[in-house]
Amino acid sequence: MKRVFVSLAALIILALPGIASADVITFRPTPSDLNDLDHHMVYTWRVDNVNVPRGHTITGARLVINNISNWDRNPNMLFIHLLDTARSSGVASFVDDPTNQAPIPESEIIDDFVNERFHDRRSWLVDANTGDILLDSRSFTMTAVNYEWVLTPAQLNTLAAFITSGGNFALGFDPDCHFFNSGISFQITTQPNQVPEPATMTLLGTGLASLYYRRRRQQQKKRSEA
């Protein structure tokens, strides 16, 4: 009987090789630092040709900004959005501070993905009614830190829907001050679906039946020899 269980365990392991494996897909913009997130600009970064492995589900995603710091000690805020898409592939930008104020007055720290003061539809970075959720709004000091935003389950569902609808998604950044950094990346983690494919189920069924009949023949042989 022990051999039967060992054989059965080996069969299951061979039939389900991908259950424990995960894939991590990493994307980086060009330029990698988004021009140090200039406070006179607002940015979109559209990530195209996102291919989730067949039979996998998105189980995690995170945005990482390495060594980000504010250029001075004045009030500041970085607004980060998850977008369904953007008009331009790769990185695009729009001047949202035509007066070139430096530093930006605290009264002008405004999320321009929400406020429509510059939303001229002929030149704005996204079309009207584009899916848009705020991921985070965060201020920084002059001390560089590694920033990480891990998407919540609800945000993961939104990301998956955006990718399914067009094979891409976008991130929007409105830096209300100037944020030095050494590079930005976005990572998506996928896991194989836990339901075995029909071929795997057939293999398991065949193996179980074979083990059962083998065991039964051994028992019948022992009874006939007794």
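Modeller: Let us begin at Gly167, which comes just after helix 2 and takes a positive phi of about 75 degrees. Please keep in mind throughout that this is a predicted model.

Biologist: Since we are starting there, what length does helix 2 have, and what span would be expected for helix 2 at 1.5 Å a residue?

Modeller: Helix 2 has 14 residues, and from its first C-alpha to its last it reaches 21 Å, which is close to the 20 Å expected at 1.5 Å a residue.

Biologist: How do I read the two sides of such a helix, and which residues of helix 2 are buried?

Modeller: The general idea is to ask which residues fall under 20% relative accessible area, the cut-off for buried, and which lie over 50%, the cut-off for exposed. In helix 2 the buried residues are Gln155, Leu156, Leu159, Phe162 and Ile163. These residues are on the same side of helix 2, because they cover an arc of only 120 degrees around the axis. On the other side of helix 2, the exposed residues are Pro153, Ala154, Asn157, Thr164 and Ser165. Asn157, for instance, counts as exposed because its relative accessible area is 58%.

Biologist: What covers the buried residues of helix 2?

Modeller: The cover includes strand 3, strand 4, strand 6, strand 7, strand 8 and strand 10. Distance along the chain and distance in space should be read separately here, as Asn157 and Gly60 illustrate: they are 97 residues apart in sequence, and their C-alpha atoms are 9.9 Å apart in space.

Biologist: That brings me to the interior. Which residues of the largest nonpolar core touch the most other members?

Modeller: A nonpolar core is read as a set of buried nonpolar residues joined through their side-chain atoms. The largest one here has 33 residues, and those that touch the most other members are Phe169, Phe186 and Ile188. At least two residues of this core come from each of strand 2 (41-47), strand 3 (56-70), strand 4, strand 7 (145-150), helix 2 (153-166), strand 8 (169-176) and strand 10 (184-192). Strand 3 gives the most to this core, with 5 residues.

Biologist: And which residues does Ile188 touch, not counting residues up to four places away in sequence?

Modeller: With those neighbours set aside, Ile188 touches residues including Val24, Ile25, Phe27, Ile58, Leu159, Ile163 and Phe169. Apart from this core lies another, of 10 residues, among them Ala86, Ala92, Trp124 and Leu125.

Biologist: Trp124 makes me think of aromatic rings. How many aromatic pairs are there, and how should I read their geometry?

Modeller: The count comes to 7 aromatic pairs. For the geometry, one looks at the angle between the ring planes, where over 60 degrees counts as edge-to-face. Phe94 and Trp124 form such an edge-to-face pair, with 5.2 Å from centre to centre and 80 degrees between the planes. Phe94 lies in strand 5 and Trp124 in the loop between strand 5 and strand 6, so the pair ties together parts that are 30 residues apart in sequence. Phe94 and Trp124 are buried, and ring pairs link them with Phe113 and Phe118 into a cluster.

Biologist: Turning to charged side chains, how many salt bridges does a search of the whole structure find?

Modeller: Side chains of opposite charge can pair when their charged atoms come close. The search of the whole structure finds 6 salt bridges. In one of them, Arg87 pairs with Asp127, and the closest N and O atoms are 2.5 Å apart. Arg87 lies in the loop between strand 4 (77-83) and strand 5 (90-95), and Asp127 in the loop between strand 5 and strand 6 (132-138), so this pair ties together parts that are 40 residues apart in sequence. Arg87 is partly exposed at 33% relative accessibility, and Asp127 is partly exposed at 43%.

Biologist: In the salt bridge of Asp48 and Arg46, is Arg46 buried or exposed?

Modeller: The side chains of Asp48 and Arg46 meet at 2.8 Å, N to O. Arg46 counts as buried at 18% relative accessibility, whereas Asp48 is partly exposed at 27%. Another salt bridge joins Arg138 and Asp136, with the closest N and O atoms 2.9 Å apart; here Asp136 is buried at 10%, and Arg138 is partly exposed at 34%. Finally, Glu108, Asp112 and Arg117 are linked in a network of salt bridges.

Conventions:
Residues numbered from 1 in each chain as written. Predicted model: local features only at pLDDT ≥ 70, side-chain atom pairs only at ≥ 80, totals over all residues. Heavy atoms only, no water. Salt bridge = Lys/Arg side-chain N within 4 Å of Asp/Glu carboxyl O. Buried < 20%, exposed > 50% of the residue type's maximum accessible area, 1.4 Å probe, protein only. Helix = DSSP H or I, 4+ residues; strand = E, 2+ residues; numbered from the N terminus. Core = buried A, V, L, I, M, F, W, Y, C linked by side-chain atoms within 4.5 Å. Contact = heavy atoms within 4.5 Å. Phe/Tyr/Trp six-rings, centres within 6.5 Å; stacked < 30°, edge-to-face > 60°. Expected span 1.5 Å × (residues − 1). Arc of directions from axis to C-beta.
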